[in-house]
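The following report walks a new reader through a single protein chain, taking its charged pairs, its sheets and its cysteines in turn. Please keep the sequence and the structure in view while reading.

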Amino acid sequence: CCLDAEWLGQNHYATCGTDKRICIYSKDKLAPLRVFYGHHDEVNQIRLSPDGVLLASVSDDTTAMIWDVSE
């Protein structure tokens with residue numbers, strides 16, 4: 001179940017959800033381009049930094065994490 005999504009520019013977006021993952025997608029492909037693992041419970045929200053380099057995530061495991069999405 002997807003709980004949140006965030007655009008990473010015009011062609012890419014990130015999703016998070018109950019599977020404890022954050023996935024980066026291209027709007028033209030079905031499979032994720034990158035997958036981030038690290039949370040131990042569902043990921044509730046993600047937000048992109050104003051410069052488009054970092055993605056913050058918060059989880060029911062009571063942690064917040066910062067991910068580099070600049071690649």
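## Charged pairs

Asp-19 and Arg-21 are joined by a salt bridge in which the closest N and O atoms lie 2.9 Å apart. The model in which this pair is seen is a predicted one. Asp-19 is partly exposed, with a relative accessible area of 40%, and Arg-21 is likewise classed as partly exposed, at 24%. Salt bridges with shared partners also join Asp-4, Glu-6 and Arg-47 into one network.

How many salt bridges does a search of the whole structure find? The search finds three, and they are set out below with the distance between nitrogen and oxygen.

| Acidic residue | Basic residue | N to O distance |
|---|---|---|
| Asp-19 | Arg-21 | 2.9 Å |
| Asp-4 | Arg-47 | 2.8 Å |
| Glu-6 | Arg-47 | 4.0 Å |

As background to the table, side chains of opposite charge can pair when their charged atoms come close.

The network deserves a second look, beginning with the salt bridge between Arg-47 and Asp-4, whose closest N and O atoms are 2.8 Å apart. This pair links distant parts of the chain, since Arg-47 belongs to strand 5 and Asp-4 to strand 1, with 43 residues separating them. The side chains of Glu-6 and Arg-47 also meet in a salt bridge, at 4.0 Å from N to O. Here too distant parts of the chain are linked, with Glu-6 in strand 1 and Arg-47 in strand 5, 41 residues apart.

Are the members of this network buried or exposed? Asp-4 is buried, with a relative accessible area of 14%, and Glu-6 counts as buried at 19%, whereas Arg-47 has a relative accessibility of 41% and therefore counts as partly exposed.

## The sheet of four strands

Strand 1, which carries both acidic residues of the network, is part of an open sheet of four strands in the order 1-2-3-4, with antiparallel pairing. At the edges of this sheet stand strand 1 (2–7) and strand 4 (34–37), each of which pairs on one side only. Neighbouring strands of the sheet are turned against each other by 20° on average, with direction ignored.

Strand 1 and strand 2 are paired in the antiparallel sense over five bridges, and Glu-6 has Ala-14 in strand 2 as its bridge partner. Strand 2 covers residues 12–17 and includes Thr-15, which has a relative accessibility of 14% and so counts as buried. When neighbours within four places in sequence are left aside, Thr-15 is in contact with several residues, among them Asp-4, Arg-21, Cys-23 and Ile-46.

## The sheet of three strands

Strand 5, where Arg-47 lies, is part of an open sheet of three strands, in the order 5-6-7 and with antiparallel pairing. Strand 5 (43–48) and strand 7 (64–68) are the edge strands, each with a single partner strand, so one side of each is left without a neighbour in the sheet. From one strand to the next, the twist of this sheet averages 25°.

Five bridges join strand 5 to strand 6, the latter made up of residues 54–59, and the two strands run antiparallel. Ile-46, one of the contacts of Thr-15, has Ser-57 in strand 6 as its bridge partner. Strand 6 and strand 7 also pair in the antiparallel sense over five bridges, and in strand 7 the bridge partner of Ala-56 is Ile-66. These two strands, strand 6 and strand 7, form a hairpin with four residues between them, and in its turn Thr-62 has a positive phi of about 70°.

## The cysteines

What does a search of the whole structure find in the way of disulfides? It finds zero disulfides. The cysteine sulfur closest to that of Cys-1 is in Cys-2, at 7.1 Å, which is too far for a bond. For Cys-23 the closest cysteine sulfur is also in Cys-2, and here the distance of 9.1 Å is too far for a bond.

Cys-1 has a relative accessibility of 68% and therefore counts as exposed, whereas Cys-23, at 3%, counts as buried. Both Cys-2 and Cys-23 are included among the contacts of the buried Thr-15.

Conventions. Residues numbered from 1 in each chain as written. Predicted model: local features only at pLDDT ≥ 70, side-chain atom pairs only at ≥ 80, totals over all residues. Heavy atoms only, no water. Pairing = 2+ DSSP bridges. Axes fitted to C-alpha atoms, helices over the stretch in contact; angles between N-to-C directions. Buried < 20%, exposed > 50% of the residue type's maximum accessible area, 1.4 Å probe, protein only. Contact = heavy atoms within 4.5 Å. Disulfide = S-S within 2.5 Å.
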